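Visitor: I should like to learn how helices and a nonpolar core are read from a model. Where should one begin?

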Amino acid sequence: MPHITVDYSPRIADSFDPRVFAAELQPTVLEGSGSAGTCKTLFRQAAEARAVDRYGDAAAFVHVEVGLLPGRSDAVKARLSEDALALLEKHLGVGTTQAVVCSVEVRDLAGSYRLRTF
């Protein structure tokens with residue numbers, strides 16, 4: 001049931017392989033959240049987005065959002081965020097010649113969430 005969305009700068013497209021990242025992120029999220037469901041992941045190269053520091057310098061970025069059914073503690077969500085950041089560091093640390101701003105949010109899915117397999 002986890003829904004994962006990964007937005008990332010086109011500037012890192014040559015050094016960031018979404019499929020390889022997903023192969024490690026999905027089992028990490030499933031195991032860390034205690035979910036027995038299917039993990040769905042969407043990657044979006046955010047061509048129209050910009051991240052800047054306080055000096056106005058452009059920065060590359062990756063933002064991961066994990067949506068889970070309600071019921072996980074803040075501690076579980078924080079651990080999942082840290083685990084995802086560690087995976088990002090692993091996958092972006094090799095061959096990246098620029099700093100990449102990384103963020104993760106683990107949130108509850110809305111009460112209107114429904115799932116069916118057809």
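**Reading helix α1 and the core**

Guide: This is a predicted model. Consider first what covers the buried residues of α1: the covering elements include β1, β2 (40-45), β4 and α2.

Visitor: Which residues of α1 are buried?

Guide: In general, an α-helix has 3.6 residues a turn, so residues three or four places apart point the same way. In α1, the buried residues are Pro-18, Phe-21, Ala-22, Leu-25, Val-29 and Ser-33.

Visitor: How many Å should the residues of α1 span?

Guide: The 16 residues of α1, at 1.5 Å a residue, should span 22 Å, and the end C-alpha atoms lie 21 Å apart, which agrees.

Visitor: What is found at the two ends of α1?

Guide: The N-terminal end is capped by Asp-17, with a side-chain oxygen 3.1 Å from the backbone nitrogen of Arg-19. Just after α1, Gly-34 has a positive phi of about 75 degrees.

Visitor: Which residues have the most contacts inside the largest nonpolar core?

Guide: They are Val-62 and Val-64, in a core of 26 residues. Two or more residues each come from β1 (3-8), α1 (18-33), β4 (58-68), α2 (74-93) and β5 (100-108). The most come from α2, which gives 6. Beyond four places in sequence, Val-64 contacts residues including Ile-4, Val-6, Phe-21, Leu-25, Leu-88 and Val-104.

Visitor: Is Ser-81 buried or exposed?

Guide: Ser-81 counts as buried because its relative accessibility is 14%, and the cut-off is under 20%. This residue is in helix α2. Setting aside residues up to four places away in sequence, Ser-81 touches Val-104 and Val-106.

Technical notes:
Residues are numbered from 1 along each chain as its sequence is written. This is a predicted model: local features need pLDDT of at least 70, side-chain atom pairs count only at pLDDT 80 or more; totals for chains, interfaces and linings use all residues. Side-chain values use heavy atoms; hydrogens and water are left out. A nonpolar core is a set of buried Ala, Val, Leu, Ile, Met, Phe, Trp, Tyr and Cys residues joined through side-chain atoms within 4.5 Å. Buried means under 20% relative accessible area, exposed over 50%, partly exposed in between (1.4 Å probe, protein chains only). Helices (H or I, at least four residues) and strands (E, at least two) are DSSP runs, numbered from the N terminus. Contact means heavy atoms within 4.5 Å. The expected span of a helix is 1.5 Å times one less than its number of residues. A polar contact is a pair of N or O atoms within 3.5 Å; within protein, one must be able to donate a hydrogen and the other to accept it, and residues adjacent in sequence count only if both atoms are side-chain atoms.
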